[in-house]
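Me: I have a model open on my screen and would like to know how the labels people attach to it are justified. Could you take me through the reasoning, step by step?

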Amino acid sequence: MMVFTIAGRELRHLFLSPLAWCVLAIIQFIIAWMFLVQVDNFLKYAPTLAGMASAPGVTDAVAAPIFSTASVVMLLVVPIMSMRLIAEERRSGTLSLLLSAPVSMTEIVLGKYLGLLIFLLIMLGLITLMPLSLAIGTHLDYGKLFAGVLGLALVVGAFAAAGLFMSTLTKQPVVAAVSSFGLLLLLWIISWAGSGDARFSPTFHYLSLLDHYASLLRGSFNTTDVLYYVLFIITFLVLSIRRLDAYRLQH
Amino acid sequence: MSNNDLLVKVENLYRYYDDHCAVQNLNCELRKGEILGFLGPNGAGKSTTMQILSGNLAPSAGQILINGVDILDEPKRAKANIGYLPEQPPLYVDLTVDEYLTYCAALNRLPRSKLQAARDLAKERCGLKDMGHKLIGNLSKGYRQRVGIAQAIIHSPAVVILDEPTVGLDPIQIREIRALIVELGQEHGVILSTHILPEVQTVCSRVQIIHKGRLVFNDTLTGLTQRMQSTSLVLACRQTPEQAVIKTLPGVHDVQPLDSHHLRVHFNADNNPAEIVAAEVLKRGWGLLELTPEHKSLEQIFVDLTTADETGGATAVQERAA
């Protein structure tokens, strides 16, 4: 399978550079810091919470904020990881290796996407280990935890697809990073607009990456939300394929 | 059908960049065992043509058949028969030679069991045997070029396309790469672009000269050498020399009047009649002013075709091609 060959090479490339290791280490440190702060807070308020009727459990108090923070961190990290996918290959001329090999544009795009996605899922797995470690001492709500992990995986997948598309638009990796960050941030906060206007508000809310994620973090698994991310990913992958195809036609 | 060994067939190829026409009505053919040299000054459209042939660029118009398969209709099948080395070798500097070549072989859909054998063969042919564990980023330019060629031949494609493969190499490396190209030409069809004339003379079996996106010369190397060998003399006299007289002299092949005082005397390379012509002119008292030998080098043909008045050059070639 060509997709896996390309994905494997992409993954290798990431781990051959210090960038991937560096990103993994820093993200792990920051999320661990957040995790400790959340656990500390929870322990401080635990006696008060114990007296309340419908108090938030440890999963709500610790895991949900961790995933919420992680998504914001990913907003910064994914554009940096995705910027070189196509842009760098175009700049260094290595794209012609793929273009003159018997490989379709779809395979190239899917391979590149999969390679990055696997890296991001490794990062996600390491983050998930932290709330999961609480299971040693307490009881966790695995349903909510799973919804959170799924939500973050979908968000990260969507970021990566948008980042990949931006990377096909330019030869400059940094330009790709900045523009995908801009696009993602806009889609993140788009629901802030039109909050007073009843006509547009639902549209903006539907478009927002954040709103769909928030409902998954609350533990409510909604097909609409999952479908939103799937559609988002497919759209940007198709756009990337089209863009790569068009690259042969013009200059 | 006698088209069996026709590896590449390009018909009426056009390529525009906006309004600028980079390739204009280009036709070419490549058969098995041939090394075709694309020659042209900078910006003539060589690289564009090669990019189109390798499927990296789409043509604006025209048809390209690789081994009988249309590259636009069935790109995957057509590209499986192509090995392409662009001007800048597409190398991943963070991989070792072995890793890189294995990846290239896998990209070209070689089965897993054959990867290593293919890689070793390509390395051996390109003189990279001891380089397997070195990082490509640490290799010299010459070795990088070899890795680039190894990448192009790893799946033993029917057609190997090399864009200026000897640029930036030292003379010894150039000789080695040329020897490699000649060797490749025995089993594959090779298309080679260059602006180095001796390279074409040593390596290619057929030459096409491109200028401003148009084909201005298309002949075999033997045809080209003949053209260079059929040397001539220019004879200038005070009086009008008689053509018929000169033509009957031994060794003279043909006589062509330039104006009333000048004649061009064609002769065969191995038999220079300058002495006899001079003696004859003196005997007849035409007043010998000048007797200059004319050598046509490849450079001259090249310059004639690419500079001079374009229309004249182009028609001359069309006549010849027809």
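Me: What makes β11 and β13 of chain B a pair, and in which sense do they run?

Reply: Happy to help, and please keep in mind that this is a predicted model. Strands count as paired when at least two bridges are found between them. Strand β11 (residues 232-237) of chain B is joined to β13(B) by five bridges, and the two run antiparallel; with two as the cut-off, they are therefore called a pair. For a place to look, find Ser232(B), which stands opposite His266(B) in β13(B).

Me: How do you know that β12 pairs with β13 of chain B?

Reply: The same test serves here: at least two bridges are needed. Strand β12 (residues 252-257) of chain B and β13(B) share five bridges in the antiparallel sense, so they are a pair by that rule. Asp254(B) has His266(B) as its bridge partner. The two strands also form a hairpin, with four residues between them.

Me: Which side chains of β13 in chain B are buried, and which point the other way?

Reply: Strand β13 (residues 262-267) of chain B alternates along its length. Leu263(B), Val265(B) and Phe267(B) point to one face and are buried. His262(B), Arg264(B) and His266(B) point to the other face and are not buried.

Me: What makes the sheet with β1 and β2 of chain B an open one, and which strands are its edges?

Reply: The open sheet has four strands in the order β2-β1-β4-β5 (chain B), with antiparallel pairing. Its edge strands are β2 (20-31) and β5 (69-70) of chain B, and each of these pairs on one side only. In general, strands of a sheet pair through backbone hydrogen bonds, either parallel or antiparallel.

Me: How many bridges hold β4 to β5 in chain B?

Reply: Two bridges join strand β4 (residues 61-66) of chain B to β5(B), in an antiparallel arrangement. The cut-off is at least two, so this pair qualifies. Within it, Leu65(B) has Asp70(B) in β5(B) as its bridge partner.

Me: Why is Asn12(B) called exposed?

Reply: A residue is exposed if 12 or fewer other C-beta atoms lie within 10 Å of its own. Asn12(B) has 12 other C-beta atoms within 10 Å, so it is exposed. Asn12(B) lies in strand β1 (residues 6-17) of chain B. Its phi is near 45°, a positive value in a residue other than glycine.

Me: Is Asp18(B) buried or exposed, and why?

Reply: Exposed, because Asp18(B) has 7 other C-beta atoms within 10 Å, and the label applies at 12 or fewer. Asp18(B) sits in the loop between β1 and β2 of chain B. Its phi is positive too, about 55°, although Asp18(B) is not a glycine.

Me: Why does Leu217(A) count as buried?

Reply: The label needs 20 or more other C-beta atoms within 10 Å. Leu217(A) has 20 C-beta neighbours inside 10 Å, so it counts as buried. Leu217(A) lies in helix α10 (residues 209-217) of chain A. Leaving out residues up to four places away in sequence, Leu217(A) touches Ala64(A), Phe67(A), Ser68(A), Gly148(A) and Gly151(A).

Me: What makes helix α1 of chain B mostly covered?

Reply: Eight of the eight residues of helix α1 (residues 46-53) of chain B are buried. Among them are Lys46(B), Met50(B), Ile52(B) and Leu53(B). Just after α1(B), Gly55(B) takes a positive phi of about 85°. As for chain B as a whole, 41% of its 322 residues count as buried.

Me: How many residues does each chain bring to the contact between A and B?

Reply: Chain B brings 23 residues and chain A brings 18 residues. On the chain B side, α2 (75-79), β6 (82-85) and α3 (97-107) each supply at least two residues. The most come from α3(B), with four residues. By class, that side of chain B has 14 nonpolar, five polar and four charged residues.

Me: Where does the domain assignment divide chain B?

Reply: The assignment gives domain 1 (2-226) and domain 2 (231-294) in chain B. Taken over C-alpha atoms, 46 Å separate the centres of these domains.

Definitions and conventions
Residues numbered from 1 in each chain as written. Chains lettered and ligands numbered in written order. Predicted model: local features only at pLDDT ≥ 70, side-chain atom pairs only at ≥ 80, totals over all residues. Contact = placed C-beta atoms within 7 Å. Nonpolar A, V, L, I, M, F, W, Y, C, P; charged D, E, K, R; others polar. Domains from an automatic or database assignment.
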